[in-house]
Amino acid sequence: MSGLCSERVAIVTGAGRGLGRAHALALAAEGAKVVVNDLGVGLDGTGSGTGPAQLVVDEIVARGGQAVAHGGDIATTEGAASLIRTAVETYGRLDTLVNNAGFLRDRMLVNLGEDDWDAVIRVHLKGHFLPLKYAAAHWRAEAKAGRSPAARIVNTSSGAGLLGSVGQGNYSAAKAGIIGLTLVAAAEMGRYGVLVNAIAPAARTRMTEATFAETMASPDTGFDAMAPENVSPLVVWLGSAASAGVTGRVFEAEGGRITVMEGWRPGPTADKGARWSPAGAGEAVLKLLAEATTPEPVYGTQ
């Protein structure tokens, strides 16, 4: 390995399994000291236990790296604050935060309960906001004290957040919100040396295996495009000092493919210079749509 993250301290949330585990191992392989956060919950967010986080710590240590487990709930004030404290008190600093934790409670909208909506929004969106908030506060204090950090935040969105996904209204809304949060954080925190980006990964995890079983199946031979380890090199680079100048961006990552997502930008426009009538507005919209690019299909549709 190149030691790209040598002497850096990184936090990865939801790092007990899947993508988070792959990111933690990859960061450690490049020299980072890693705080491995995982609440140890089931696929639907129920239950708890620090076992998965400690197993990843044990893997890192067995390979000659340094890591510590954190089993707090990062969607709570105390859990998120203690996560940042764990990094600073254990290793004396914090350089990189990878927000990854999440789970699914899929339902079609007419069957989606309020509790299932709240639970998914809480762990994905609030679980990004609170660690980001406390990490950013730490780095702002460092910058004001004259110790300008080369800090990095890597958030985890999804294709569902970019394009929507049938049966995943709660998850899609949360993942779209993470993109908005990423853009705001990048704009606010750049002055303090904090760069903030997001990834939209496609990989085999407990969540995707259940939802997209055929697509996510491991091949018998050849390149395993859905292995979560394929996404981690991008996360490591974004979390390193080498990514200087890259902020406020969203990247899709799948197999050997990396795509810069360009987001919402103005398309065809009509300006009457005065108030439209309803019929006139409708006529204008139909003409504009005829000139516009056809949107990508929503995930989960044919």
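User: Contact means heavy atoms within 4.5 Å. Which residues in helix 4 are met by helix 3?

Analyst: This is a predicted model, in which local features need pLDDT of at least 70, side-chain atom pairs count only at pLDDT 80 or more, and totals for chains, interfaces and linings use all residues. Residues are numbered from 1 along each chain as its sequence is written, and side-chain values use heavy atoms, without hydrogens and water. Helix 3 contributes Thr77, Ala80, Ala81, Leu83, Ile84 and Val88. In helix 4, these meet Leu130, Pro131, Tyr134, Ala135 and His138.

User: How are helix 3 and helix 4 oriented to each other?

Analyst: The axes (lines fitted to C-alpha atoms over the stretch in contact, with N-to-C angles from 0 to 180 degrees) of helix 3 and helix 4 (residues 114-144) come within 8 Å and cross at roughly 45 degrees. Angles under 35 degrees count as roughly parallel, over 145 as roughly antiparallel, 65 to 115 as roughly perpendicular and the rest as oblique. The two helices, helix 3 and helix 4, are therefore oblique.

User: Which strands stand at the edges of the sheet?

Analyst: The open sheet has eight strands in the order 3-2-1-4-5-6-7-8, with mixed pairing. One side of each edge strand is left without a neighbour in the sheet, because each has a single partner strand; these are strand 3 (67-70) and strand 8 (257-261).

User: What is the bridge partner of Ala10 in strand 4?

Analyst: Strand 1 (residues 9-12) pairs with strand 4 (residues 96-98) in the parallel sense over three bridges, where pairing requires at least two DSSP bridges. The bridge partner of Ala10 in strand 4 is Thr96.

Definitions and conventions. Helix = DSSP H or I, 4+ residues; strand = E, 2+ residues; numbered from the N terminus.
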